Amino acid sequence: MIAPAGLSQTESGPKDGRGRLLRRWISELGPLLALVLVFTGFALAESAMSGRSVFTSSDNIRTMLVNSSVVGICALGMTVVIIAGGIDLSVGTGIALCATVLAAALLNGMPAVPALLLTLLAGTLLGVVNGLLVSLLRVVPFIVTLGTMTIFLGAAKLLATYASNSQTVRPNPETQVPPALLALLSTRNAALWPTELTGNSAIDGWYDYLRHPAGLWCGLLLALSVAALLRYSIFGRYVYALGSNEATARLCGVNVPLNRIAVYAVCGLFVGLAGIYQFSRLSSGNPTSGLGLELKVIAAVVIGGGSLSGGRGSVLGTLAGAAMMSVISSGCTQLELSNDVQDIIIGAVIIAAVSLDQWRQRRGQTS
């Protein structure tokens, strides 16, 4: 007996719904699962080869997170840009320029709060410039930001020369840099939060995994803010609409140029934040310190599932991507593998992530 068509659809509907939900969860949590697998693989390899467990210690995990903080913070803004179908190659030199702005302001006696606000304003302006050029000139973002990448580098060098008559701006860390700024990413015991327990040593050992510098906790709050912006705001819907189909978004009434400028402004704001983080690590502003960072930032988004074709990406995936590069670097160091091997592994991971994205797109077009 052949079942009626309507009955068949009713029976298969929940199964299809569960299947789609399962595929969605696997897609969203895939980068995090990959990070766990890579971390576990290096931990087992270290234990098997040397019998040590330095890689999984709380100090090493803290160091890995701190090392990925500048890339991770900037990658939050890059996630918004890539979801909207754009790209920003100028973030590396932009970070260096913002760090130089902060260093120059402190060197010339500006109080900490105005100097930090000036740095964030500088980063946002860099993003607005990129957004204006992309929207008004209608030139592809790759070319525009390739040009501004060099412009920002030159501007940082000019600022450093003007402020300190040197290629590196170094304010006095004892008299001109606030202690809280120096401690932002410090792994010293006194700079960690929550504070240390003084009870059972076994509990203290596990509790130590929760203790991190203030910069990492601030980064977590920023990540939650970006995730909420993308998921619950109208602007977030426009970002996905721009990346999925710009023509359709325009026909639906979305102000494409204005939202494109806003997308790059958000990215610029995170460039400014990353500049503050970088200054906190270096205690100086070096115009060339951001060269090559843009590739790591873009790689973090791509490894985390962001699509260079637009319309796809997540904050959780981006953070997992940034952490994975740091885990690979630290794992190779613990296994005494050379930097060349690290580069090969990271490059292979990027190719695998892009290939997976292309496979998803082809599958979506044929289904």
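Helices here are DSSP runs of at least four residues, numbered from the N terminus. Keep that in mind as you click through this predicted model.

**Stop 1: the largest pocket**

Select helix 1 (5-50), helix 9 (214-232), helix 13 (293-303), helix 14 (315-334) and helix 15 (339-366). Each of them supplies at least two residues of the lining of the largest pocket. This pocket has a volume of about 1300 Å³. Its lining counts 41 residues, and the closest to the centre are Arg24, Ser27, Glu28, Leu29 and Ser314. Colour those five to find the middle.

Which helix gives the largest share of this lining? Helix 1 does, with 12 residues. Now colour the lining by class. You should get 23 nonpolar, nine polar and nine charged residues.

**Stop 2: the second largest pocket**

Move on to a pocket with a volume of about 730 Å³, the second largest. Select Leu35, Leu65, Ser68, Leu319 and Ala323; of the 27 lining residues, these are the closest to the centre.

Next, show helix 1, helix 2 (58-67), helix 3 (69-83), helix 9 and helix 14. Each supplies at least two residues of this lining. Helix 14 has the largest share here, with seven residues.

How many charged residues does the lining of the second largest pocket hold? None: it divides into 20 nonpolar and seven polar residues.

**Stop 3: the cavity**

Now look for enclosed space. One cavity of 30 Å³ or more is counted. About 40 Å³ of space lies in the largest cavity. To frame it, select Asp88, Ser90, Gly94, Leu126, Gly127, Asn130, Phe152, Tyr264, Cys267, Gly268 and Val271. Two elements give two or more residues to this lining: helix 5 (112-137) and helix 12 (256-282). Helix 12 gives the most, with four residues. By class, the lining has five nonpolar, five polar and one charged.

**Stop 4: a patch on the surface**

Turn to the outside. Select Leu137, Val139, Val140, Phe142, Ile143 and Leu146. Together they make a nonpolar surface patch of about 520 Å². Helix 6 (residues 141-164) gives the most to the patch, with three residues.

Finish on Phe142, which sits in helix 6. Is Phe142 buried, exposed or partly exposed? Its relative accessibility is 45%, so Phe142 counts as partly exposed. The cut-offs are under 20% for buried and over 50% for exposed.

Technical notes:
Residues are numbered from 1 along each chain as its sequence is written. This is a predicted model: local features need pLDDT of at least 70, side-chain atom pairs count only at pLDDT 80 or more; totals for chains, interfaces and linings use all residues. Side-chain values use heavy atoms; hydrogens and water are left out. Patches are made of residues with over 30% relative accessible area and no salt bridge: like charges are joined within 9 Å, nonpolar side chains (Val, Leu, Ile, Met, Phe, Trp, Tyr) within 5 Å. Accessible areas come from the Shrake-Rupley method with a 1.4 Å probe; for residues, only the protein chains shown count as cover. A salt bridge is a side-chain nitrogen of Lys or Arg within 4 Å of a carboxyl oxygen of Asp or Glu. Buried means under 20% relative accessible area, exposed over 50%, partly exposed in between (1.4 Å probe, protein chains only). On a 1 Å grid over the protein atoms alone, a cavity is a set of points where a 1.4 Å probe fits but cannot get out, and a pocket is an open set with protein on both sides within 12 Å along at least five of seven lines; lining residues have an atom within 4 Å of a point. Grid points are joined across faces, edges and corners, and a volume is the space filled by probe spheres set on the points. Ala, Val, Leu, Ile, Met, Phe, Trp, Tyr, Cys and Pro count as nonpolar, Asp, Glu, Lys and Arg as charged, and the others, Gly among them, as polar.
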